Amino acid sequence: MGVKLVNIGFGNIVSANRVIAIVSPESAPIKRMIQESRDKGLLIDATYGRRTRAVIVADSEHIILSAMQPETVANRLTDKNE
């Protein structure tokens, strides 16, 4: 089984095998989770200053912020052509 990489926008790539969840950043619990990971130094901001639209939770407890819609990231994760 090879490593599958997924583009999360602006040339940023994450390992699909490490992704646990892709969620919207709108709810208070997700905002708290983002702040806690920022405080721990586990936040990766891949938005390039744009609005955060997807929050990617990795199995290493890292939180990755993306400017792409959660549906778009999920479609790229499940793309059968790659």
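Helices here are DSSP runs of H or I with at least four residues, strands are runs of E with at least two, and both are numbered from the N terminus. With that in hand, F10 can be placed in the loop between β1 and β2. Please keep in mind that this is a predicted model.

**The aromatic pair**

Let us stay with F10 for a moment. Its backbone has a positive phi of about 60°, although F10 is not a glycine. Y48, which lies in the loop between β4 and β5, also is not a glycine and has a positive phi of about 55°.

How many aromatic pairs does the model hold? The count comes to one aromatic pair. F10 and Y48 form this pair, with 5.2 Å from centre to centre and 35° between the planes, and the arrangement is tilted. Stacked pairs have planes under 30 degrees apart and edge-to-face pairs over 60, so an angle in the remaining range is called tilted. F10 sits between β1 (5-9) and β2 (12-15) and Y48 between β4 (43-45) and β5 (54-58), so the pair ties together parts that are 38 residues apart in sequence.

Is Y48 buried or exposed? At 55% relative accessibility, Y48 counts as exposed, while F10, at 39%, counts as partly exposed.

**The salt bridges**

A search of the whole structure finds two salt bridges. Both are listed here with their N to O distances.

| Salt bridge | N to O distance |
|---|---|
| R18 and D59 | 2.6 Å |
| R51 and E26 | 3.5 Å |

Take R18 and D59, whose side chains meet at 2.6 Å. R18 is in the loop between β2 and β3 (19-23), and D59 is in the loop between β5 and β6 (63-66), so this salt bridge ties together parts that are 41 residues apart in sequence. R18 counts as partly exposed at 42% relative accessibility, and D59 is partly exposed with a relative accessible area of 42%.

The side chains of R51 and E26 form the other salt bridge, at 3.5 Å. This pair links distant parts of the chain: R51 belongs to the loop between β4 and β5, E26 belongs to the loop between β3 and α1 (28-40), and they are 25 residues apart. R51 counts as exposed, with 53% relative accessibility. The loop between β4 and β5 may be familiar by now, as Y48 lies there too.

**Nonpolar surface and core**

On the surface, V3, L5 and I13 make a nonpolar patch of about 310 Å². V3 is found in the segment before β1 and counts as exposed at 63% relative accessibility.

Which residues make up the largest nonpolar core? This core has nine residues: V6, I8, V14, A16, A46, I56, I64, M68 and V73. Apart from it lies another core of six residues, among them I30, I34, V55 and L65.

I8 is a good place from which to look around the nine-residue core. Leaving aside neighbours within four places in sequence, I8 is in contact with I13, V14, A46, I56, I64, S66, M68 and V73. One of these contacts, I13, takes us back to the surface, where I13 shares the nonpolar patch with V3 and L5.

Technical notes: Residues numbered from 1 in each chain as written. Predicted model: local features only at pLDDT ≥ 70, side-chain atom pairs only at ≥ 80, totals over all residues. Heavy atoms only, no water. Phe/Tyr/Trp six-rings, centres within 6.5 Å; stacked < 30°, edge-to-face > 60°. Buried < 20%, exposed > 50% of the residue type's maximum accessible area, 1.4 Å probe, protein only. Salt bridge = Lys/Arg side-chain N within 4 Å of Asp/Glu carboxyl O. Patch = residues over 30% accessible without salt bridge, like charges linked within 9 Å, V, L, I, M, F, W, Y side chains within 5 Å. Areas by Shrake-Rupley, 256 points an atom, 1.4 Å probe, with all protein chains shown as cover. Core = buried A, V, L, I, M, F, W, Y, C linked by side-chain atoms within 4.5 Å. Contact = heavy atoms within 4.5 Å.
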